[in-house]
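Here's a friendly walk through a structure you may be meeting for the first time. Take a moment to look it over before reading on.

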Amino acid sequence: MEWTNTIVQGVLTGGLYAMFAAGLSLIFGVMRLVNIAHGDFIVLAAYLALVVTETLGIGPLPSLLIVVPLMAAIGYALQRGLLNRTLGDDLLPPLLVTFGLSIIIQNGLLELFTADSRRLQAGALEVATWQVTPGLSIGLLPLLQFVAAVAVIGGLQELFYRTAFGRAFRATSDDPAVAQLMGLDNRHVFALAMALSLAVVGLAGVLLAVRANFDPAIGPARLIFGFEAVIIGGLGNLWGTLAGGIALGVAQAIGAKLDPGWQLLAGHLTFLAVLGARPEGLFPRIRG
Amino acid sequence: MSAATFHVRFTDRRSAIGLAAFAAALVALACAPWWAGRDDLYLLEQIFAYVALASLWNLLAGYAGLVSVGQQAYVGLGAYLLFGLTIFADVPPLWAIPLAGLIGALAAIPVAALVFRLRGHYFAIGTWVVAEVFRLLASQVAALGGGSGTSLPASIVIAIAPSRTMREFVVYWIALALAVAILGLILLLLRSRYGLALTAIRDNELAARSNGVDVARVKFVVYVFTACGTAMVGALIFLQKLRISPDAAFSVNDWTAFVIFITVIGGIGRLEGPIVGTIVFFALRQALADLGALYLLMLGAVAIVVMLWAPKGIWGVIVERLDWQIFPLQRRVVFAPPADNIARSKT
Amino acid sequence: MPDALLEVRDLTAFYGDFQALFGVSIAVARREVVAIIGANGAGKSTLLKSIAGLLPARRDAIVLDGAPIGDLPAHRVVARGIALVPEGRRLFPSLTVEENLLIGGQLRRPGPWTLERVYALFPALAERRHLPSPALSGGQQQMAALGRALMANPWLLLCDEISLGLAPIVIHDIYARLPAIVAEGISLVIVEQDIAQALAAASRVYCLQEGRVAFAGAARAATRETVAAAYFGN
């Protein structure tokens with residue numbers, strides 16, 4: 001039963017990792033860009049939620065109404081104002097610019113908030129559990145986060161494959177020049193994609209803030225978890241990313257159970273094993 | 001009529017001047033123990049270390065197109081190997097440095113086999129994951145202090161040289177020698193046919209491949225070579241510091257962020273770039289270090305600005321405006337007049 | 001030409017340092033079919049790309065219905081009523097046939113061309129509407145590309161080498177549907193390697209040679225000799 005508990009915890013954590021990964025994967029799919037500052041934006045969203053909840057005196061879930069649109073706006077402005085200039089055949093500019101952004105965000109947050117660990121209070125929800133069977137109880141909060149992750153991924157799939165909006169993303173990703181001939185402004189489409197990505201990041205940040213302690217330096221680790229989930233799951237497949245996140249979460253949970261110091265290592269080694277044995281991931285849908 | 005003959009020449013008058021100036025600077029630096037104070041020597045050692053690290057990263061990213069944000073893996077590996085080899089295998093500290101390089105190169109082989117399966121941005125993050133794995137593994141090694149690290153035992157420190165002053169001089173000269181050796185090896189590599197292949201890859205990988213360049217093999221060799229050099233520099237840095245810990249040895253900020261900053265500001269894809277970048281970096285650091293986190297923030301901002309508006313860096317701008325080069329790398333084709341012309345003019 | 005739909009005035013075009021067009025001027029009337037012929041590299045595609053807004057041009061170098069549009073980017077040119085069927089078809093591989101058509105109508109410009117009308121014109125597409133576009137044959141892809149451009153309800157349709165790589169019977173099939181398109185009120189500019197087909201379909205023809213107009217006149221008046229002379233120069 002102990003092990004069942006562990007694995008269930010791992011699965012639920014995996015949902016959060018999949019949410020980290022979804023935003024990353026979306027951007028890569030639409031414009032072949034990887035935002036090295038992705039994890040730092042998650043942390044930024046957490047701090048935004050902190051400020052909103054403290055100044056307005058509202059809870060974390062209501063704060064989403066402000067944080068998510070705000071992050072979306074930041075994403076649009078960032079892409080339109082800065083990152084669109086880095087797009088092109090050369091891989092160095094977007095990588096180095098987003099790396100620079102990562103440093104800026106981390107140190108900016110450090111200056112504003114110090115290195116102290118913070119946490120968002122969610123009240124009773126934090127400790128509520130659901131007794132599934134004797135010996136197996138699931139925290140309500142992690143369960144909610146998992147459900148949210150599934151909803152986000154399902155929503156993104158729906159958006160991409162059943163709406164005109166998603167059609168525009170896919171077309172621009174296929175052939176930006178011809179997409180213009182359809183009346184699509186590439187700069188605007190890319191900016192919308194980044195806005196969507198950071199909106200998901202906003203949600204992920206708030207959920208992270210409620211679930212665990214955070215400080216300005218934990219961004220890169222979130223980026224790495226998201227990235228590992230994408231690679232384990234397989235490129236170009238959002239449901240695969242969910243599977244990848246779950247695999248990562250379970251690996252980490254098992255590692256932690258064996259020895260608390262092995263948690264991260266277990267996740268990384270799992271990633272490296274998948275990279276070595278099946279580099280295309282568990283459920284690849286190949287697109288260049 | 002016979003065809004014109006030509007030969008390829010590397011130096012021209014301007015680069016000869018630059019090279020002479022560089023040689024003079026080297027001599028002055030070699031004599032530093034006699035004219036510089038202890039703090040200055042220490043600063044110079046750091047400068048040499050960063051010039052070496054940045055030149056190696058430049059070779060990897062600027063020439064071979066392998067943008068790694070995980071080179072701290074080899075800095076830390078070299079450092080831990082130094083401590084491990086001297087403490088547990090009784091290797092004399094000065095020999096431990098090249099040995100660390102060799103082992104670092106060997107470690108790079110399986111790493112390359114894994115990370116080369118990733119491309120572009122994902123390759124970059126993959127190298128970061130590898131560095132994290134190294135860091136986590138290092139903190140599991142209880143014999144070297146686990147997560148909090150350890151100091152180099154006095155017996156080993158003394159083995160470097162009998163007196164403290166001598167030790168400082170020895171470490172200084174090794175730092176200088178290592179930096180010069182690494183620069184020299186990179187220069188030789190770039191002047192060879194390998195280097196021509198690398199420059200072709202840098203300019204247009206697809207074209208290089210279709211001209212018969214074995215791109216995968218060149219990249220692999222460069223990656224292993226860079227790992228070797230980086231491990232040696234890592235070993236030396238921590239020989240200086242006399243103390244090691246996983247966070248310090250595998251620090252992303254110290255060994256990757258700063259290195260990238262130096263290379264970008266100085267000029268990617270040119271040998272002189274990292275030298276210029278290191279000087280600028282240390283000048284900025286002397287001026288601004290008191291600002292703490294704000295200093296790093298500004299570094300990030302400057303890197304972004306340079307990347308967007310002066311992507312070739314300071315040296316790149318200088319090359320464009322003035323066509324200088326210090327290191328004789330640019331191949332110039334010199335034509336000799338056809339033989340029968342000379343014969344004709346003699347009749 | 002008075003009351004022309006499209007006027008190109010003294011257009012120049014560059015690819016970096018390389019000049020591809022040296023002061024090209026053409027005109028297209030309403031409901032007219034104009035052919036542009038010329039050897040490879042003469043600048044035919046460049047001309048179409050400039051008109052479509054994919055290449056930069058002087059503001060008054062391209063005039064649509066009296067309004068200068070030379071400096072508009074491509075996504076705004078479509079909104080003004082010019083649609084390009086690009087060389088090589090270039091359907092979106094991630095999209096199905098129907099999605100390709102739908103995205104052509106992204107701007108929802110008013111006009112007679114709807115999904116149903118396009119399917120009526122090209123029944124082969126209706127049969128394959130949910131297939132991924134790469135699954136189509138060359139001829140079907142060309143029809144899809146044409147249909148996609150029609151969905152934008154343009155005043156002017158630019159066709160870049162629509163016969164390229166297609167069997168003669170397929171080419172004939174596609175060209176047979178062009179009159180239906182013109183009858184709805186769309187002008188056509190056809191860039192063609194297949195001179196016979198171009199002259200048969202068009203009322204007027206321009207021949208480009210090394211970035212300049214070497215011949216302009218009625219398609220009927222273009223004899224073998226005049227075309228050959230204009231095509232290859234002296």
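What follows is a short tour of some contacts, a helix and a sheet.

One thing to keep in mind: this is a predicted model.

**Where chains A and B meet**

Let's start with chain B, where 31 residues are in contact with 29 residues of chain A. On the chain B side, α6 (120–140), α13 and α15 each chip in at least two residues. That side of chain B is made up of 25 nonpolar, 4 polar and 2 charged residues.

Now zoom in on one helix pair. A pair like this is described by the angle between the two axes and the distance between them. Helix α9 of chain A (residues 219–233) packs with α6(B) at an angle of about 115 degrees, and the axes are 11 Å apart. The crossing of α9(A) past α6(B) is left-handed. From α9(A) come I224(A), F227(A), E228(A) and I231(A), and they meet Y122(B), I125(B), W128(B), V129(B) and E132(B) of α6(B). Sorted by type, the residues of this contact are 7 nonpolar, no polar and 2 charged.

**A closer look at α15(B)**

Does the length of this helix fit, or not fit, what its residues should span? Helix α15 of chain B has 17 residues (293–309), and at 1.5 Å a residue they should span 24 Å; the end C-alpha atoms are 24 Å apart, so the two agree. Its buried residues include L296(B), L297(B), A303(B) and M307(B). The buried residues of α15(B) pack against α4 (92–113) of chain A, and also against α13 (252–266) and α16 (313–322) of chain B.

**Where chains A and C meet**

This contact takes 14 residues from chain A and 19 residues from chain C. On the chain A side, α6 (164–174) and α7 (176–181) are the elements giving two or more residues. The largest share comes from α6(A), with 5 residues. The chain A side divides into 7 nonpolar, 2 polar and 5 charged residues.

Here are the residue types again, contact by contact:

| Residues counted | Nonpolar | Polar | Charged |
|---|---|---|---|
| Side of chain B that touches chain A | 25 residues | 4 residues | 2 residues |
| Contact of α9(A) with α6(B) | 7 residues | no residues | 2 residues |
| Side of chain A that touches chain C | 7 residues | 2 residues | 5 residues |

**The sheet in chain C**

Chain C has an open sheet of 4 strands in the order β2-β1-β4-β5, with antiparallel pairing. At the edges sit β2 (18–28) and β5 (67–68), each pairing on one side only. Strand β1 (residues 6–15) pairs with β2(C) over 8 bridges. Within that pairing, V8(C) stands opposite I26(C) in β2(C).

Note on methods
Residues numbered from 1 in each chain as written. Chains lettered and ligands numbered in written order. Predicted model: local features only at pLDDT ≥ 70, side-chain atom pairs only at ≥ 80, totals over all residues. Expected span 1.5 Å × (residues − 1). Buried ≥ 20, exposed ≤ 12 C-beta atoms within 10 Å, placed from the backbone. Contact = placed C-beta atoms within 7 Å. Nonpolar A, V, L, I, M, F, W, Y, C, P; charged D, E, K, R; others polar. Axes fitted to C-alpha atoms, helices over the stretch in contact; angles between N-to-C directions. Left-handed = near helix turned anticlockwise from the far one by under 90°. Pairing = 2+ DSSP bridges.
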